[in-house]
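Okay, thanks for coming, everyone. Let me put the model up and then we'll walk through a couple of places in it.

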Amino acid sequence: MAIANKQTLAPGLYLVATPIGAARDITLRTLDILASADVLAAEDTRSLRKLMDIHGIALGDRPLVAYHDHNGDRARPRLLAAMADGKSVAYASEAGTPMVADPGFDLAGAAVAEGYGLISAPGPSAVITALTVAGLATDKFLFAGFLPNTASQRKTALKALAGVPATLVFYESPKRVAAMLRDAAEVLGGAREAALCRELTKKFEEVQRGCLSELAAEAAANPRKGEMVVLIARGDSENISEDDVEGMVTRALEEMSVRDAADYVAAKTGQKRRMVYQIALRLAGDAE
Ligand code: SAM
């Protein structure tokens, strides 16, 4: 039975969040907007139609426009023209919140630039859902989206995040997650706490918690399918003493140049690279 309230919406662009799994994780306001907007736009029109069917919302004779990464330049003028005509346009990405690792950014930017109203109907997003169940600190987090596909670029990206004093949150594909966890253990240290949150809000929802080396070994041994979020605890750089850093640098210098040892230990500990480099220089000098 439909519970949406049909109403007259002010002209503008309405960004509506949709469920990331459980269809009933939709807000009443999103249902109202989907029932009322003059024009509907979606990253995946079939998914939106299905969601509307589940919730008893008829499309009627309203247009449903596909808007995604590959046709944005062509579809945007049509949606802006509708707003220029005083119409309300509701946009949904395939799942979760538009613009969070999903399209919608250029459309929202164009709507603002043209002076139309931009309204958010907030709701599910995998990043927030994962944070609430991972068991890692939520007071500060950094959402890093998807890491690059190639190992070298992925490691460079991870090194840049090593010292961030916040829980790191990544979206990842099941195909790459084992390699990603392996690289994260190598770059950030295998002892760092982490969580792998899979199929959130769905039937086979699962959260694996452990240190990076454990999660990497498990992902390599038992590949899992489905949608996943990887969270990595912040490095405990505050708790690392200079003696610890010196010990790590000494060991690293047995196999690496001063520069590489400084990069490696700084990334692993989250300490400032300049400081670690000075220590590495001194220790390399002492050893000569
Ligand atoms: N806009 C969405 C949001 O607000 O979360 C994200 C879209 S992004 C293209 C899709 C990625 O989000 C997936 O590859 C996965 O990393 C994550 N994701 C989406 N749904 C999920 C779920 N139910 N459980 C775990 N991760 C999910």
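So, where is Thr18 found? Thr18 sits in the loop between strand 1 (12-16) and helix 1 (28-36). By helices and strands I mean DSSP runs, H or I of at least four residues for helices and E of at least two for strands, numbered from the N terminus.

Quick housekeeping: this is a predicted model, where local features need pLDDT of at least 70, side-chain atom pairs count only at pLDDT 80 or more, and totals for chains, interfaces and linings use all residues. Residues are numbered from 1 along each chain as its sequence is written, and side-chain values use heavy atoms, with hydrogens and water left out.

Back to Thr18: its relative accessible area is 3%, so it's buried, meaning under 20% with a 1.4 Å probe, protein chains only. Setting aside neighbours within four places in sequence, Thr18 is in contact (heavy atoms within 4.5 Å) with residues including Leu51, Glu94 and Pro124.

Now the sheet. There's an open one of five strands, order 6-7-10-8-9, with mixed pairing; strands pair if DSSP finds at least two bridges between them. Strand 6 (141-146) and strand 9 (206-211) are the edges, each pairing on one side only.

Strand 7 (residues 167-172) and strand 10 (residues 228-232) pair antiparallel over five bridges, and Glu172 has Met228 in strand 10 as its bridge partner. Helix 8 (residues 212-221) packs on the sheet, touching strand 8, strand 9 and strand 10.

Technical notes. Buried < 20%, exposed > 50% of the residue type's maximum accessible area, 1.4 Å probe, protein only. Axes fitted to C-alpha atoms, helices over the stretch in contact; angles between N-to-C directions.
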